[in-house]
Protein chains: 2
Amino acid sequence: MPKSKYEAIYRDLKQKIEEGDFASQELLPSEHSLIQTYGCSRNTVRRAISELVSDGYVQTLQGKGVRNIFRPVAQAAFTIGGIESFKESSQRNHKKGRTRVLQFMELIADEKISLRTGFEKGSELYYLQRLHYLDEKPLILNHNYFLKSAAEGLTPEIAEDSIYEYLENILHMTIVNSQRIMTVEKITQIDEKYLELDANDYNCMAVITSRTYNGDGVMFEFTQSRHRPDYFSFQDNAIRKSPLVRSDF
Amino acid sequence: MPKSKYEAIYRDLKQKIEEGDFASQELLPSEHSLIQTYGCSRNTVRRAISELVSDGYVQTLQGKGVRNIFRPVAQAAFTIGGIESFKESSQRNHKKGRTRVLQFMELIADEKISLRTGFEKGSELYYLQRLHYLDEKPLILNHNYFLKSAAEGLTPEIAEDSIYEYLENILHMTIVNSQRIMTVEKITQIDEKYLELDANDYNCMAVITSRTYNGDGVMFEFTQSRHRPDYFSFQDNAIRKSPLVRSDF
DNA sequence: GCCGATTTGTCCGTATGTATC
DNA sequence: CGATACATACGGACAAATCGG
């Protein structure tokens, strides 16, 4: 259940929009009328609306109202929004997800690993290689590095189910944010083997490199996700800011 | 100059962080002290901070403070964040950008175009093919469709400089948001020719498909941007939300 | 073109809750 | 336990944009 009023309102409106309660281009009820509906203050409905704006569901127009611009993206086989574990996103997309652990080991970060991941040299790490299947098709090959001190007690069994579930529910870690960089890279023999690719067909793939931080401000995860190119799709909603100018202070 | 107080504060803090005024992991001054510094209300500094959170510059920790987690991404040759014209992003990255117009024509959306772009069948459109150079290297091949009624008077000369500048400053359009989907696709002969690629080397590329909306709520642009894989990098900061549950209402 | 009603945008002050130390 | 810090929520004031009469 939602922890806060604004979140409850946000989810309610979001669901209504997804279910088509508002026509495309239609204006949502005004802030004033939402205040009546939900019995809350103006700030609270405004906060809910601003989240819908970030999601690309609505746009606000001063003097007019809040317009529904939601567009269902049917074609996207597998999308990402926010931080999600593979288990969560396969559930959200009503697909059957499965994870196979190819490798599980502990290691100490040497110079090379430290440079690549950003973990300090000498850090104790878990290193995993995992293959994610969606509807029995191997789609993603993950190379995970977890800081051992933050993910203490991780096992292959956990890694087969959901590492995030373990971190959040068992270790009570709060996962905060993730800096991601997406690139296109050549496929390797490992990719070819496990993702059942043919280098004569596609010879590159989508790679998402992410550094994830917890509530203690420590980067506890470095992951490289290698995605089958033909099943990869990444969605995003961008909001225009005015081109930057210098500040006052 | 910033139109609002919170934006001025946001930019000031952002600049200080980028310039290294705060050590990594260091806590920023507390909200209370920022109120003194900027002479404003608590809501106003909170709003500025929340934008920094979206940018992935800081993380807020209840009971502790606001922590600097900014990490300069030196390796990214060309990054995207928010909606930017090619001209703007090359300026931001201090690179020399140039645009070559390969094709410029008007056309009427037929069934096929309508299906692919989302413009209604029969819409009058401008179709452009443009090649973007960064430091004299061709990096991006764009296929742009603009709604003629929204971009009236567009010429190849304008398209060579900056279409967004024309739309915003001359036609006084407000560009609001852009729904983007990123995929990996096979390269075509056109890509090979203009982006100076070799299919024996890389045979795919990064493709960003975007639908952009203006202040009137109409989708005025459909663009497919085809990026050289070896120079492509897309940055993103994701924030963890709790896995979704059903709402109350 | 002006005026007033409506709607969103910015900003303020305050109160209370919750987490950290 | 108290002090500090961020999170949520409320209510109010004024500005700015839109729209209809």
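So, how far apart are the centres of domain 1 of chain A and domain 2 of chain A? Taken over C-alpha atoms, 34 Å separate them. Keep in mind that this is a predicted model. In chain A, domain 1 runs over 3-68 and domain 2 over 76-232.

Okay, the two protein chains. You can put chain B on chain A with a rotation of 180° and 0.1 Å of shift along the axis, and the RMSD is 0.1 Å. That's the relation of a two-fold axis. And 100% of the interface residues of chain B are also interface residues in chain A, so the copies meet through the same surface.

Now helix 1 of chain B, residues 5-18. This helix has 14 residues and reaches 20 Å from first C-alpha to last, close to the 20 Å expected. Its buried residues, including Tyr6(B), Ile9(B), Leu13(B) and Ile17(B), pack against helix 2, helix 3, strand 1 and strand 2 of chain B. Just after the helix comes Gly20(B), with a positive phi near 85°.

On to the DNA. There are 23 residues around DNA strand C, and among those that come nearest are Arg42(A), Lys5(B) and Thr44(B). Which element gives the largest share of that surface? Helix 3 of chain B, with 4 residues.

What do the contacts look like? A backbone N or O atom of Lys5(B) sits 2.4 Å from a phosphate oxygen of strand C. For Thr44(B), a side-chain N or O atom is 2.5 Å from a phosphate oxygen. Asn43(B) goes to a base instead: a polar side-chain atom lies 2.9 Å from a base nitrogen. Overall, 67% of the strand C atoms within 4 Å of the protein belong to sugar or phosphate, the rest to bases.

Key:
Residues are numbered from 1 along each chain as its sequence is written. Chains are lettered from A and ligands numbered from 1 in the order in which they are written. This is a predicted model: local features need pLDDT of at least 70, side-chain atom pairs count only at pLDDT 80 or more; totals for chains, interfaces and linings use all residues. Side-chain values use heavy atoms; hydrogens and water are left out. Copies are superposed by least squares on the C-alpha atoms of residues with pLDDT of at least 70 in both. Contact means heavy atoms within 4.5 Å. Domain bounds come from an automatic or database domain assignment. Helices (H or I, at least four residues) and strands (E, at least two) are DSSP runs, numbered from the N terminus. The expected span of a helix is 1.5 Å times one less than its number of residues. Buried means under 20% relative accessible area, exposed over 50%, partly exposed in between (1.4 Å probe, protein chains only). A residue is near a molecule or strand if one of its heavy atoms lies within 4 Å of it. A polar contact is a pair of N or O atoms within 3.5 Å; within protein, one must be able to donate a hydrogen and the other to accept it, and residues adjacent in sequence count only if both atoms are side-chain atoms.
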